[in-house]
Amino acid sequence: MRGLDFAFYRLLITYAAGITAAYSFSLSFPIWIVALAAIMAFLAYFITSFDSLTRPLFGVLVGIFFFGLGASLFTYQTDQLSANHYETLGVKGKNALLTVE
């Protein structure tokens, strides 16, 4: 698992976990939680630069931020898109007519 040595992959997995959790458990994740996690991660960045004992705190806060970002963006997208939008239209096994308004 050499790919997990890169932070991008860990953040991408956390982001995808947020989307999956929001879809599976019908979470209504408000955007203010993401904003709070972003502010806390920003502040923790400056704290961790001075103290090596609080570096796991920064990692956890960034993980919470990306989890919340995925869940809140999924919630926002499903709230904004109507049931007959082409992205949410799930027709299987039969022909469907797609109309653009």
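**Reading a three-helix model**

Author: The protein chain exposes about 8,000 Å², with carbon and sulfur atoms supplying 68% of it; such areas come from the Shrake-Rupley method with a 1.4 Å probe, and for residues only the protein chains shown count as cover. Mind that this is a predicted model: local features need pLDDT of at least 70, side-chain atom pairs count only at pLDDT 80 or more, and totals for chains, interfaces and linings use all residues. Numbering starts from 1 along each chain as its sequence is written, and side-chain values use heavy atoms, leaving out hydrogens and water.

Reader: How many helices and strands does the protein chain have?

Author: Helices are DSSP runs (H or I, at least four residues), strands likewise (E, at least two), numbered from the N terminus. Here you get 3 helices and 0 strands.

Reader: Okay, is Thr75 buried or exposed?

Author: Buried means under 20% relative accessible area, exposed over 50%, partly exposed in between (1.4 Å probe, protein chains only). Thr75 sits in helix α3 (residues 55-80) and counts as buried because its relative accessibility is 9%.

Reader: Which residues does Thr75 touch?

Author: Contact means heavy atoms within 4.5 Å. Leaving aside residues up to four places away in sequence, Thr75 touches Leu27, Ser28 and Phe29.

Reader: And Tyr45, where is its place?

Author: In helix α2 (residues 31-48). Tyr45 has 48% relative accessibility, so it counts as partly exposed.
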